[in-house]
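I opened a new file today and kept notes as I went. The entries below follow the order in which I looked things up.

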Amino acid sequence: MNKKIAAAFILVSISWFTARADGGLIEFGIKGGVTTQRVNFSNTARYDGGDYLLGSSTRGGYHLGIISRINLPLVHFQPEILFNNSGYRINSVIAGESYGSKSIVRVRTVEVPVLAGMRMMWLRLQAGPMFTVLTEAKTKDRALIRDVHVTKPSVSYLIGLGLDLGRFNVDVRFNGNFSKTTQNILYDNRTMGIDYKSKNKQWMFSVGYMF
């Protein structure tokens with residue numbers, strides 16, 4: 001057992017010192033930045049003869065996380081673990097009524113992008129799947145809408161561009177759904193929620209540092 005622990009310690013130490021070498025085989029780092037999110041809903045849901053109209057506007061948040069990067073001759077692989085605190089605003093109105101509602105939905109997730117990329121000088125082109133676990137969703141500023149049951153896809157796609165400036169890096173990424181999901185929205189004047197088909201669109205702007 002002691003030999004196994006010693007071998008594991010040596011491997012971790014080698015990985016760490018390799019990571020500290022600029023452009024080494026394996027690198028580690030940290031990152032953080034701004035997230036903007038928008039959910040596009042199907043425009044109308046008909047329920048008991050009433051038309052419930054939905055729109056959405058973009059709202060900002062932030063993300064923090066850790067980076068690992070495996071540098072190979074032609075490509076590199078970059079798994080990450082991110083904590084994302086974002087959200088979106090829902091604009092809702094019942095057809096024929098003179099008032100509407102603007103509700104804020106705050107969403108917290110743990111996200112694991114697994115990216116493959118190619119480097120051209122200091123520029124990186126990356127793409128890959130992102131695995132998401134929803135940890136919390138809250139509805140704020142409730143007027144017409146009482147609650148929103150948020151559905152996040154467990155797997156989505158991520159594409160982006162990155163720029164390496166020494167140990168610092170800058171990334172711009174777009175995250176989208178492979179298919180539509182369902183959001184269940186509960187209005188104050190109803191006892192049951194209404195299902196809307198939706199698609200999530202998310203932009204992530206981040207700055208990182210490789211150790």
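**Confidence first**

I am working with a predicted model. I checked the confidence before anything else: the protein averages a pLDDT of 82, and 79% of the residues score at least 70. Over residues 12-21 the pLDDT is below 50. I still find 12 contacts in the model for this stretch, beyond near neighbours in sequence. I then asked which elements mark the extremes of confidence. Helix α1 (residues 2-20) is lowest, with a mean of 47, and β9 is highest, at 96.

**Strand β8 and its partners**

I turned to β8, which spans residues 155-165. In a regular strand, side chains alternate between the two faces of the sheet. I listed the faces here. Ser156, Leu158, Gly160, Gly162 and Asp164 make up the covered face. The uncovered face holds Val155, Tyr157, Ile159, Leu161, Leu163 and Leu165.

Next I looked up the pairing. β8 pairs with strand β6 (residues 123-140) in the antiparallel sense, over 9 bridges. Within that pairing I noted Gly162 of β8 as the bridge partner of Arg124. β8 also runs antiparallel to strand β9 (residues 168-176), and 9 bridges join these two. On that side, Tyr157 stands opposite Gly176 in β9.

I followed the chain through the turn as well. The hairpin of β8 and β9 has 2 residues between the strands. There Gly166 takes a positive phi near 65 degrees.

**Cavities**

How many cavities of 30 Å³ or more does the model hold? I count 2.

The largest cavity holds about 50 Å³ of space. I get 13 residues in its lining, and Val39, Thr151, Lys152, Gln183 and Asn200 lie nearest its centre. Which strands each supply at least two residues of this lining? They are β1 (26-41), β10 (181-187) and β11 (194-210). β11 gives the largest share, 3 residues. By class I read 4 nonpolar, 7 polar and 2 charged residues.

The second largest cavity has a volume of about 30 Å³. I wrote down its lining in full: Glu111, Met130, Thr132, Lys152, Pro153, Ser156, Asn175, Asn177 and Asn200. These divide into 2 nonpolar, 5 polar and 2 charged residues.

I cross-checked the names. Lys152 and Asn200 are among the residues nearest the centre of the largest cavity, and Lys152 and Asn200 also line the second largest. Ser156, from the covered face of β8, is another residue in the lining of the second largest cavity.

Methods: Residues are numbered from 1 along each chain as its sequence is written. This is a predicted model: local features need pLDDT of at least 70, side-chain atom pairs count only at pLDDT 80 or more; totals for chains, interfaces and linings use all residues. Side-chain values use heavy atoms; hydrogens and water are left out. Buried means under 20% relative accessible area, exposed over 50%, partly exposed in between (1.4 Å probe, protein chains only). Helices (H or I, at least four residues) and strands (E, at least two) are DSSP runs, numbered from the N terminus. Two strands pair if DSSP finds at least two bridges between them. On a 1 Å grid over the protein atoms alone, a cavity is a set of points where a 1.4 Å probe fits but cannot get out, and a pocket is an open set with protein on both sides within 12 Å along at least five of seven lines; lining residues have an atom within 4 Å of a point. Grid points are joined across faces, edges and corners, and a volume is the space filled by probe spheres set on the points. Ala, Val, Leu, Ile, Met, Phe, Trp, Tyr, Cys and Pro count as nonpolar, Asp, Glu, Lys and Arg as charged, and the others, Gly among them, as polar. pLDDT is the predictor's confidence in each residue, from 0 to 100. Contact means heavy atoms within 4.5 Å.
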